[in-house]
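Me: I would like to go through this structure with you. Could you bring it up so that we can discuss it?

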Amino acid sequence: MAKKQLLIVAHAPSPNTQALVEALLKGSQHSDIEGVSSHWIPPLEATPEDVLAADGIILGTTENLGYMSGALKDFFDRCYYPVLEKKQGLPCALYIRAGLDGTGTRRAVESIVTGLRWNWVQEPLTLKGEWQSEFLERVEELGLTMAAGLENGIF
Ligand SMILES: Cc1cc2nc3c(=O)[nH]c(=O)nc-3n(C[C@H](O)[C@H](O)[C@H](O)COP(=O)(O)O)c2cc1C
């Protein structure tokens with residue numbers, strides 16, 4: 001059977017945020033999961049075709065000036081209408097790396113995801129404050145949860 005496709009569209013401008021992407025990939029590519037293929041595309045490079053080919057999507061962004069990164073916003077600006085009618089119900093998750101807050105970003109992404117009618121598989125993760133290595137465990141778990149759910153047909 002064809003593998004399910006898990007798309008990760010995450011902005012990773014710093015060593016910490018790159019480590020988050022790696023942890024997410026590690027979780028989603030766990031050796032117990034055979035039926036899911038996951039790959040990361042930076043938001044500025046992700047296209048509507050990437051979304052159309054996906055069975056699930058994990059979004060990741062920093063909070064910049066109280067909002068999602070410009071890169072993730074650009075992704076939505078380019079992809080919203082081309083996928084709107086075709087990907088309703090797409091299983092979706094979000095993590096936010098924020099210095100202090102994260103709520104403005106969460107609200108903004110939630111409202112776009114509501115418009116797209118994608119389905120949250122779990123509450124958005126906000127990884128805020130000083131960097132903690134525990135953040136890596138949380139996104140790794142998110143990657144595993146999403147991939148396992150796709151494999152089992154739960155999402
Ligand atoms: C220009 C700029 C604006 C930022 N704005 C916010 C913000 O509005 N809210 C917030 O919580 N963090 C803000 N931050 C902090 C970043 O989210 C944080 O530095 C980024 O996620 C990278 O985290 P890292 O240092 O662990 O790699 C800002 C950082 C920069 C450089």
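Me: Is Ser31 buried or exposed?

Reply: Ser31 is exposed, because its relative accessible area is 63% and the cut-off for that class is over 50%. Please keep in mind that this is a predicted model.

Me: Where does Ser31 lie?

Reply: Ser31 belongs to the loop between H1 and strand S2, the latter covering 36-41.

Me: And how far are the C-alpha atoms of Ser31 and Leu127 separated?

Reply: The separation is 26 Å between the C-alpha atoms, for two residues that are 96 residues apart along the chain.

Me: Let us turn to H1. What is the place of Thr17?

Reply: Thr17 sits in helix H1, which comprises residues 15-28.

Me: Buried or exposed, that Thr17?

Reply: Thr17 is buried, since its relative accessible area is 2% and buried means under 20%.

Me: With which side chain does the side chain of Thr17 make a polar contact?

Reply: The partner is the side chain of Ser14, at 2.8 Å. Ser14 also appears among the closest residues to the ligand.

Me: Good, the ligand then. How many residues surround the ligand, and which are the closest?

Reply: There are 13 residues around the ligand, and the closest are Ser14, Asn16, Glu63, Gly66 and Leu100.

Me: How do the residues of that shell divide into nonpolar, polar and charged?

Reply: The shell around the ligand has four nonpolar, six polar and three charged residues.

Me: Which strands each supply at least two residues of the shell?

Reply: Strand S3 (56-64) and strand S5 (91-98) each do so. S3 gives the most to the shell, with three residues.

Me: What lies 2.8 Å from an oxygen atom of the ligand?

Reply: That is a backbone N or O atom of Glu63. In addition, a polar backbone atom of Leu100 is 2.7 Å from an oxygen atom of the ligand. For a nitrogen atom of the ligand, a backbone N or O atom of Gly99 lies at 2.9 Å.

Me: How much of the accessible area of the ligand does the protein cover?

Reply: The ligand on its own has 630 Å² of accessible area, and the protein covers 60% of that.

Me: Change of topic: backbone angles. What is phi of Leu65?

Reply: Phi of Leu65 is near 55°, a positive value in a residue other than glycine. Most residues other than glycine have a negative phi.

Me: Where is Leu65 found, and is Leu65 buried or exposed?

Reply: Leu65 is in the loop between S3 and strand S4 (67-68). Leu65 counts as exposed, because its relative accessibility is 89%.

Me: What about phi of Arg117?

Reply: Arg117 has a positive phi of about 60°, although Arg117 is not a glycine. Arg117 lies in the loop between H4 and strand S6 (119-120), and with a relative accessible area of 55% Arg117 is exposed.

Me: And in H4, which class does Glu110 fall into, buried or exposed or partly exposed?

Reply: Glu110, which is found in helix H4 (residues 103-116), is partly exposed, with a relative accessible area of 24%. Glu110 and Tyr80 are 14 Å apart in space, C-alpha to C-alpha, and 30 residues apart in sequence.

Me: Tyr80 brings me to cavities. How many cavities of 30 Å³ or more are there?

Reply: The count is one cavity of 30 Å³ or more, and about 30 Å³ of space lies in the largest cavity.

Me: Which residues line the largest cavity?

Reply: The lining consists of Val51, Phe75, Phe76, Cys79, Tyr80, Val83, Leu116 and Trp118. These divide into eight nonpolar, no polar and no charged residues.

Me: Which helix gives the most to that lining?

Reply: Helix H3 (residues 70-84) does, with five residues.

Me: Last, some contacts across the sequence. How far is Ala54 from Gln5, by C-alpha atoms?

Reply: Their C-alpha atoms are separated by 5.0 Å, while the residues are 49 residues apart along the chain. Ala54 is in the loop between helix H2 (48-52) and S3, and Ala54 is buried, with a relative accessible area of 3%.

Me: And Met146 with Leu6? Where is the place of Met146?

Reply: Met146 is in helix H5 (residues 134-152). Met146 and Leu6 are 140 residues apart in sequence and 8.2 Å apart in space, C-alpha to C-alpha. Met146 counts as buried, because its relative accessibility is 0%.

Technical notes
Residues are numbered from 1 along each chain as its sequence is written. This is a predicted model: local features need pLDDT of at least 70, side-chain atom pairs count only at pLDDT 80 or more; totals for chains, interfaces and linings use all residues. Side-chain values use heavy atoms; hydrogens and water are left out. On a 1 Å grid over the protein atoms alone, a cavity is a set of points where a 1.4 Å probe fits but cannot get out, and a pocket is an open set with protein on both sides within 12 Å along at least five of seven lines; lining residues have an atom within 4 Å of a point. Grid points are joined across faces, edges and corners, and a volume is the space filled by probe spheres set on the points. Helices (H or I, at least four residues) and strands (E, at least two) are DSSP runs, numbered from the N terminus. Ala, Val, Leu, Ile, Met, Phe, Trp, Tyr, Cys and Pro count as nonpolar, Asp, Glu, Lys and Arg as charged, and the others, Gly among them, as polar. A residue is near a molecule or strand if one of its heavy atoms lies within 4 Å of it. A polar contact is a pair of N or O atoms within 3.5 Å; within protein, one must be able to donate a hydrogen and the other to accept it, and residues adjacent in sequence count only if both atoms are side-chain atoms. Accessible areas come from the Shrake-Rupley method with a 1.4 Å probe; for residues, only the protein chains shown count as cover. Buried means under 20% relative accessible area, exposed over 50%, partly exposed in between (1.4 Å probe, protein chains only).
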